[in-house]
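Please look over this model with the notes below at hand. They deal with how the chains meet and how the domains of one chain meet.

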2 protein chains.
Amino acid sequence: MQVEALPSAVRSAVQSHRCGGRRTGLVPTMGALHVGHVSLLDAARSECDFVIATIFVNPMQFGPHEDFERYPRTLEQDLQRCEAAGVDLVFTPETSRMYAPGAESIVSLTGLTRKLEGRHRPGHFDGVTTVVAKLFNITVPDRAYFGQKDYQQQLIIRRMASDLDWGVEIVTCPIVREDDGLALSSRNRYLSPAEREKSLSLSRALSLAQDLAQSGSESPDSIARRMQQLISGVEGIDPDYAVVVDCDTLDPLVDRPKRAVALIAVRIGKTRLIDNQILRFR
Amino acid sequence: MQVEALPSAVRSAVQSHRCGGRRTGLVPTMGALHVGHVSLLDAARSECDFVIATIFVNPMQFGPHEDFERYPRTLEQDLQRCEAAGVDLVFTPETSRMYAPGAESIVSLTGLTRKLEGRHRPGHFDGVTTVVAKLFNITVPDRAYFGQKDYQQQLIIRRMASDLDWGVEIVTCPIVREDDGLALSSRNRYLSPAEREKSLSLSRALSLAQDLAQSGSESPDSIARRMQQLISGVEGIDPDYAVVVDCDTLDPLVDRPKRAVALIAVRIGKTRLIDNQILRFR
């Protein structure tokens, strides 16, 4: 497994592997890899000839009062996980190279990024789209893999890749959960045992939503209110939002649709958690 | 010479030519090709193995009261010029494909685009950077060729290509002028004979600036004022700006530098003209 910090080294490695119809797969990460990330690496490995993982804690996607400083950095373990998953090349750039002095170019979306997470984390998605644009340009992937856990993010990346003609296929992999339902996240390690217990209300609220969609006749709005009630009933949870919205636009739904997505974001102590589930309506 | 309207067709043509170290050169144009454009095609032809010209009158870079509707469209002649220049592939996309319904992604710069042309044509450079980003992604060039005539544009494209890691080398080709000094522009054909005569004041003002930089001891500001006086003295010319600024940042200069760029933009009747010259100071 090759480990490179310089874009130029990645570029030449990619170029020598590209010819003859060999497919390049990209898995962009911020490190602190868990089994959810490994599922992305596995998917890339099974579908592509040359698999690139990137590990970069991107300062541009953190707000000024967010957890950039304390975000877990576990490079050695991450490289072991990449190696075990059969990754061909890991790109671990320096921040000073990714954002050189004088850099002023931004990739942004004018609609999808204003909703939900975008409202609660201003500037977050500009950081995501800009860094992913750079990673697309450096690695020139045929496919790029993202987790459904960051539902809005994968939607935005899809839109961006299509709008700006990267010709990359975006693959969204299912959420990986602990046995008790908690969606895997690098931020779960911030949780105290008591907070860890409270965090289960997210997946419980999503299960409730799925049950109501399947069995009842409640409207999307009414289902969202039931999720909000469940979450608000847990002391020490501060909800940012709990909604049931259109899978593609994230807009509110008037009638009961065939499919929708339930999305939740909360703060538990100093930790912010998100989760989601596609709902299928009866 | 291959002519393609679909990004997918361009992509596969490029891919089959890329292997084995063959270099792809891109010359993005809005058509209405003149000898200035041909000099870009010639440069690409002499330096690259596979030359792509694009012809697309990009609505996103025109303001609401600008000349998008009446911008000259001369596709047949343009294709002949491309063929004569030895172009391998011409990409002539439809507007509806370049800006599909729902597209909302923008590439923008936060500094360089706010100055000079950016101030006088709000949104113009967002249109330029977004469409060039798309063209880079569709054609994946090793080199891309721009004219110095649009000085600020080539500076912005350089910044963008570097910031977002396209790995493309930006080549800026010299301004091509008529015998009497007028810089070639697709918009020159808008000029009446009387306006054509007045338009010579741009290149005259730039020559004056070069003389003053070489022979005198005047400051950049003082030289700019002399250019402004010369232009303002011509009836029927409405100057947008005439400045002498830093070649890289376009910022004002306090002392006499070694090099600077003199930039002029004016309106003559309904036509807007720009011109520039690198000044070398004694």
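The points below start with the contact between chains and then turn to the domains of chain A.

1. This is a predicted model. Please read each point with that in mind.

2. Start with the contact between chain A and chain B. Chain A gives 24 residues to it, and chain B gives 24 residues. On the side of chain B that touches chain A, two or more residues come from each of these elements: helix H1 (7-18), strand S5 (105-109), helix H6 (124-139) and helix H7 (151-163) of chain B. S5(B) has the largest share of that side, with five residues.

3. What is the make-up of the side of chain B that touches chain A? That side has 12 nonpolar residues, six polar and six charged.

4. Strands also join across the two chains. Strand S5 (residues 105-109) of chain A pairs with S5(B). The pairing is antiparallel and runs over five bridges. To find your place in it, look at Ile106(A): Ser108(B) in S5(B) stands opposite.

5. Now take chain A alone. Its domain assignment gives domain 1 (2-173) and domain 2 (186-280). Between the C-alpha centres of these two domains of chain A lie 26 Å.

6. The two domains of chain A touch. Domain 1 brings 11 residues to this contact, and domain 2 brings nine. Helix H5 (117-120) and helix H7 (151-163) of chain A each supply at least two residues of the domain 1 side. The domain 1 side divides into six nonpolar residues, three polar and two charged.

Note on methods:
Residues numbered from 1 in each chain as written. Chains lettered and ligands numbered in written order. Predicted model: local features only at pLDDT ≥ 70, side-chain atom pairs only at ≥ 80, totals over all residues. Contact = placed C-beta atoms within 7 Å. Helix = DSSP H or I, 4+ residues; strand = E, 2+ residues; numbered from the N terminus. Nonpolar A, V, L, I, M, F, W, Y, C, P; charged D, E, K, R; others polar. Pairing = 2+ DSSP bridges. Domains from an automatic or database assignment.
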